Amino acid sequence: ILNIQPVVPLSLTLDWNLIARVILPVVYQPDAAVESGGTFGLGDTSATFFMAPRKPGFLIWGVGPALLLPTATADVLGTGKWGVGPSVVLLVQPTPLSVGVLANNVWSVFGSGDRPAVNQLLLQYFLTYNLPQGWYVTSAPILTANWKATGDKWVIPFGAGAGKVFTVAGQALNGSVSAYYNVVRPEGSADWQLRVQLAFLFPEGKKKGK
C-alpha cells in the first residue's frame, strides 16, 4: 500500500483552523487463493476535517468528521460504500517528547447494496522522542477494529522506528522507517508491517527582519 496523504491547515478565523487530512491509497492486493497474481489500483479514500484552535494551550486538539469515499477501482480493493463518523486528535509536546492519539469510527451510510455494511474503528497513538540534529525515535502503530467481522475483529500492532528531519535543496523533509508486529490479528492476515515514510514539510516561518 502506498498512501498519498496530504495534511493541510486552512485558516478559518482569527481563532480557528480547519485541518484537512486526506489518505488516498494505491494498493496491490495479492490473490490469497493462488500462489501468484493479484489486483492493482486505487483503494477507498479517507478524508478527515479537524476544527482546531489556532492558539492551543498545552493540549493541542481537533475534532471533526471522518469520511469514507468509495474510490476503489476494484471490488477487492474497497468497500463500495460511502461512510461518515466522528474523529478526534489530541497531542501534547513536553520537550523532548510528542505524545498523542488520533481516533475515528466510520459507519457506512449508503452505497452498493451487494456489499457488506461498514462499521470500523481506527485508533493511532504516537510517541516520539526527539534527538539532536533532527533525529528521533518513534512508535505510531495503527490499531483497527472491524465491528462487523464475525471472527477476530482487531488488528493490534506493536513496534517502533526511527527518522530524521532534514533538508534537500532548501526543501524540508521528514523521513522514517518503522516495523510493527501484529500481536492481535484475524486469521490469514499479515504477521508484520513495514512502514517507510517521506513527508514534504512546508512550515509557516517568521517573516524576514522579524
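Two strands count as paired if DSSP finds at least two bridges between them. Keep that cut-off in mind for the first stops. The model on screen is predicted.

**Stop 1: strands β7, β8 and β9**

Select residues 81-92, which make up strand β7. Add residues 97-111, strand β8. The two strands run antiparallel, and ten bridges join them. That is over the threshold, so they pair: at least two bridges are needed. Now look at the turn from one strand to the other. β7 and β8 form a hairpin, with four residues between them. For one specific bridge, pick Gly83. Its partner in β8 is Ser108.

Next, add residues 119-130, strand β9. How many bridges join β8 to β9? Eleven, and these strands also run antiparallel. Label Asn105 and find its bridge partner in β9, Leu121.

While the strands are on screen, show the side chains. In a regular strand they alternate between the two faces of the sheet.

**Stop 2: the tryptophan pairs**

Hide the strands and display aromatic rings. The structure holds four aromatic pairs. Two of them are on this tour.

Start with Trp16 and Trp61, an edge-to-face pair. The ring centres are 5.8 Å apart, and the planes meet at 75 degrees. Where do the two residues sit? Trp16 lies in strand β3 (residues 16-30) and Trp61 in strand β6 (residues 60-69), so the pair ties together parts 45 residues apart in sequence. Turn on the surface. Trp16 is partly exposed, at 33% relative accessibility. Trp61 is partly exposed too, with a relative accessible area of 30%.

Move to Trp147 and Trp154. They form another edge-to-face pair, 5.6 Å centre to centre, with 90 degrees between the planes. Trp147 counts as partly exposed at 33% relative accessibility. Trp154 is partly exposed as well, with a relative accessible area of 28%.

**Stop 3: Asn182**

Select residues 171-184, strand β13, and centre on Asn182 within it. Is Asn182 buried or exposed? Its relative accessibility is 4%; buried means under 20%, so Asn182 counts as buried.

Follow the side chain of Asn182 outward. It reaches the backbone oxygen of Ala190 at 2.8 Å. Then show the surroundings of Asn182. Setting aside neighbours within four places in sequence, Asn182 is in contact with Val155, Ile156 and Pro157, and with Ala190, Asp191, Trp192 and Gln193. Ala190 thus turns up twice: in the list of contacts and as the residue whose backbone oxygen the Asn182 side chain reaches.

Conventions. Residues numbered from 1 in each chain as written. Predicted model: local features only at pLDDT ≥ 70, side-chain atom pairs only at ≥ 80, totals over all residues. Heavy atoms only, no water. Phe/Tyr/Trp six-rings, centres within 6.5 Å; stacked < 30°, edge-to-face > 60°. Buried < 20%, exposed > 50% of the residue type's maximum accessible area, 1.4 Å probe, protein only. Polar contact = N/O pair within 3.5 Å; in protein donor to acceptor, adjacent residues only side chain to side chain. Contact = heavy atoms within 4.5 Å.
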